[in-house]
Amino acid sequence: MSEEVKVFGAWGSPMSHRVELALRLKGIEYENIEEDLSNKSPLLLKYNPVHKKIPVLVHKGKPIAESMVILEYIDETWKHNPLLPQDPYERAMARFWAKFFEEKCLMQVWMTCCSKGSEQEKHMQEAMENLKTLETALQGKKFFGGEAIGLVDIACIVLAYWLELNLQVVGIVLIEEEKLPMLHQWAQELLNTSVVKESLPPRDKLLAIFKARKEASTNAA
Ligand SMILES: N[C@@H](CCC(=O)N[C@@H](CS)C(=O)NCC(=O)O)C(=O)O
C-alpha cells in the first residue's frame, strides 16, 4: 500500500460508502478501518476533532473529513476516471446539484422516514417537490455524470439504496416510475452497476437495522 490510503468508516454508513465508492471507481487500494460509532477510537477523534464523525480519509498521514470534501480531494489527487467534469461550467453545475441534494433532499427524505402522521405528510411533499427539481438534472442522461458515475451520483446513492430501504420499512414508495421516472431509471442503472453492487452493504443487515429502529419508535410512542 504505497500510497497509504486509509478510510475510517462504518460498514452501514452511506457517508463512508461515498468515499469507498470513489476510491473503487479510481481503482485506488485502501485500508478500511471499521469504527464503532458508540465507542469512537482515539485515532478518529484525533483525525476529526471538529465533527468527531466518519468518514475520514487519511492519505500519507494527513486526515480529511466530510464526505463531499473527501470526494473532491480524491478527484484532484488521482485524476484518472474523473468524478467531476473537465469544463468549468459543468463542474460548477455538478457542485450545484450535489449541494442541492445535500441541502434540499437528504434531510427531507430522512425526515419522511422518521416522522409520522401530518408531519410525515409535510416532509414527504417537500421531499417530492425537491426530488422533482433534482430529476431535471438527469434530462437526457444515464447518470448525473453522463455516461459514467460522477460526483453527484456518488452523493445521491444514499437516496437510491439506504433511504429507499428505510422508506420500504415505513411503507412509503417515493421513487416511483410514474412520479419520478428519470430518478427511478437512474436508481436502477446505478444499483445494477457492478462496482456499485460490489460496494454496497448487505440489504438484509440494513433492513434489520431499519426495522428495529421503527419498532423502537413505535414502542416509544
Ligand atoms: N456531513 C458529514 C456527515 C457524516 C456523518 O453523519 N457520519 C455519521 C455516520 S453516517 C457519524 O459519524 N455518526 C456518528 C456521530 O454522529 O456521532 C459527511 O458528509 O461526512
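UniProt, in an unreviewed entry, places the feature "domain: GST N-terminal" at residues 3-82. In the predicted model shown above, the chain over residues 3-82 is 38% helix and 21% strand. The C-alpha atoms at the two ends of residues 3-82 are 19 Å apart. A further feature from UniProt, "domain: GST C-terminal", also from an unreviewed entry, is listed at residues 87-218. Residues 87-218 are 75% helix and 0% strand, and their end C-alpha atoms lie 50 Å apart.

The domain assignment of the protein gives domain 1 (5-77) and domain 2 (88-220). Taken over C-alpha atoms, the centres of domain 1 and domain 2 are separated by 21 Å. Where the domains meet, 14 residues of domain 1 are in contact with 22 residues of domain 2.

Arg18 offers a view of the surroundings of a single residue. Arg18 lies in helix H1 (residues 14-26). Is Arg18 buried or exposed? Arg18 has a relative accessible area of 0% and is therefore buried. Leaving aside neighbours within four places in sequence, the contacts of Arg18 include Ser67, Met68 and Leu71. Arg18 is also in contact with Phe101, Glu102, Leu106, Ile154, Ala155 and Val158.

The next topic is the nonpolar interior. The largest nonpolar core has 65 residues, and Leu23, Leu134, Leu183 and Trp186 have the most contacts inside it. Helix H6 (residues 151-170) gives the most to this core, namely 15 residues. At least three residues of this core come from each of domain 1 (5-77) and domain 2 (88-220). Leu23 may serve as an example: residues up to four places away in sequence are not counted, and Leu23 touches Val5, Val7, Ile28, Tyr30, Leu57, Ile74 and Trp78. There is also a second, separate core of eight residues, which includes Phe8, Leu44, Ile54 and Val58.

Aromatic rings are considered next. The count comes to five aromatic pairs. One of these is formed by Phe8 and Tyr47; this pair is edge-to-face, with 5.4 Å from centre to centre and 70° between the planes. Phe8 is in strand E1 (residues 5-9) and Tyr47 is in helix H2 (residues 42-47), so that the pair links distant parts of the chain, 39 residues apart. Phe8 counts as buried because its relative accessibility is 3%, and Tyr47 is buried with a relative accessible area of 17%. Trp97 and Phe100 have ring centres 5.5 Å apart and planes at 80°, so this pair is edge-to-face. Both residues of this pair, Trp97 and Phe100, lie in helix H4 (residues 88-114), three residues apart, which is about one turn of the helix. Trp97 and Phe100 are both buried. Together with Phe96, Trp97 and Phe100 form one aromatic cluster.

The cysteines raise another point. How many disulfides does a search of the whole structure find? The search finds zero disulfides. A disulfide is a covalent bond between the sulfur atoms of two cysteines. For Cys113, the closest cysteine sulfur is that of Cys114, and no bond is possible because the distance of 5.9 Å is too far. Cys114 is accordingly in no disulfide, the sulfur of Cys113 being the nearest cysteine sulfur. The two residues can also be described by their accessibility. Cys113 counts as buried because its relative accessibility is 8%, whereas Cys114, at 40%, counts as partly exposed.

Finally, some details of the backbone deserve attention. Ile54 and Pro55 are joined by a cis peptide bond, with omega of about 5°. Pro55 is placed in the loop between H2 and strand E3 (56-59). Lys52 likewise has its place in the loop between H2 and E3. Although Lys52 is not a glycine, it has a positive phi of about 60°. Lys52 counts as partly exposed because its relative accessibility is 39%. Lys60 is not a glycine either, yet Lys60 has a positive phi of about 50°. The location of Lys60 is the loop between E3 and strand E4 (62-65). With a relative accessibility of 54%, Lys60 counts as exposed.

Key:
Residues are numbered from 1 along each chain as its sequence is written. This is a predicted model: local features need pLDDT of at least 70, side-chain atom pairs count only at pLDDT 80 or more; totals for chains, interfaces and linings use all residues. Side-chain values use heavy atoms; hydrogens and water are left out. A nonpolar core is a set of buried Ala, Val, Leu, Ile, Met, Phe, Trp, Tyr and Cys residues joined through side-chain atoms within 4.5 Å. Buried means under 20% relative accessible area, exposed over 50%, partly exposed in between (1.4 Å probe, protein chains only). Helices (H or I, at least four residues) and strands (E, at least two) are DSSP runs, numbered from the N terminus. Domain bounds come from an automatic or database domain assignment. Contact means heavy atoms within 4.5 Å. UniProt positions are given in the numbering used here, feature names are shortened, and annotations may be inferred rather than shown by experiment. A disulfide is a pair of cysteine sulfur atoms within 2.5 Å. Rings of Phe, Tyr and Trp (its six-membered ring) pair if their centres lie within 6.5 Å; planes under 30 degrees apart count as stacked, over 60 as edge-to-face and the rest as tilted.
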